[in-house]
Amino acid sequence: MRAIEAALLQGSELYREVILDKLAHARESVLIATANVKDMQIEREGMFASVLALFSDLAARGVELRILHAELPSRPFRASFEKRRRLTAGGLSLKICPRVHFKAVVIDGAWVYAGSANLTGAGLGAKGEGRRNFEVGFCTEDFEIVDRVQALFEAIWTGAECASCKLRSVCPDPIGAAAPRRAFPLGRARRLRR
């Protein structure tokens, strides 16, 4: 088993490392997987603003932004999103999958956060210590881990998992055609009568 260089983070460390140190300085791409999406407030230039303001700035620099999430984003998030023409014009892509429960942030295909925190103020945002969820996660540049998390993200994003999903009937936006139904279940023995 090989050693993996990773940092285990919790509380305000998560906010600083994931949001302020990595997300804010993305150059090529940001992939976010989260169950919940809220209008997370973050510190920018001494003030607090929506994370969508940061996303808008990243989109202006040509950074690809994608969020894979399980539930409809909060009303404040949707209202803030609608005010940002750069994001609504394709600067931020959102895709919903009710089975997404993993939380990850992949920056530039070279760094990953994987852990328990959703894209919310209580999870990764600038909430005070007494108001933040108890979260834990790790960050690494280990190429094998980054590639595996990114591959999972891409498989869900592209619909590779949709055809056989048992929640397809309740999915708000399934990708591709449903898996064909078999005439009889495979794997069961069929006896012929004499």
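**Exercise 1.** In this predicted model, which residues line the second largest cavity?

*Solution.* Start by picking them out along the chain: Ile 32, Ala 33 and Thr 34, then Lys 103, Ala 104 and Val 105, then Tyr 113, and finally Ala 117, Asn 118, Leu 119 and Leu 124. Next, map them onto secondary structure: strand S2 (29-34) and strand S7 (103-107) are the elements that give two or more residues to this lining. Now sort by class, and you get 8 nonpolar, 2 polar and 1 charged. Counting Tyr and Ala as nonpolar and Lys as charged, the charged one is Lys 103. As for the space inside, the second largest cavity holds about 30 Å³.

**Exercise 2.** How many cavities of 30 Å³ or more turn up in the whole structure, and what lines the largest?

*Solution.* The search gives 2. The largest comes out at about 60 Å³. Around the largest cavity sit Leu 68, Lys 95, Ile 96, Cys 97, Ile 156, Cys 162, Cys 171, Asp 173, Pro 174 and Ile 175. Split that lining by class: 8 nonpolar, 2 charged and no polar residues.

**Exercise 3.** Turn to the second largest pocket: what is its volume, and which residues line it?

*Solution.* Volume goes first: about 190 Å³. Then walk the lining: Cys 97, Pro 98, Arg 99 and Val 100, followed by Ile 156, Glu 161, Cys 162, Cys 165, Leu 167, Arg 168, Cys 171 and Pro 174. Last, tally the classes: 9 nonpolar and 3 charged, with no polar residues. Cys 97, for one, lines this pocket and also the largest cavity.

Note on methods:
Residues numbered from 1 in each chain as written. Predicted model: local features only at pLDDT ≥ 70, side-chain atom pairs only at ≥ 80, totals over all residues. Heavy atoms only, no water. 1 Å grid on protein atoms, 1.4 Å probe; cavity = no way out; pocket = protein on both sides within 12 Å on 5 of 7 lines; lining within 4 Å. Points joined across faces, edges and corners; volume = space filled by probe spheres on them. Helix = DSSP H or I, 4+ residues; strand = E, 2+ residues; numbered from the N terminus.
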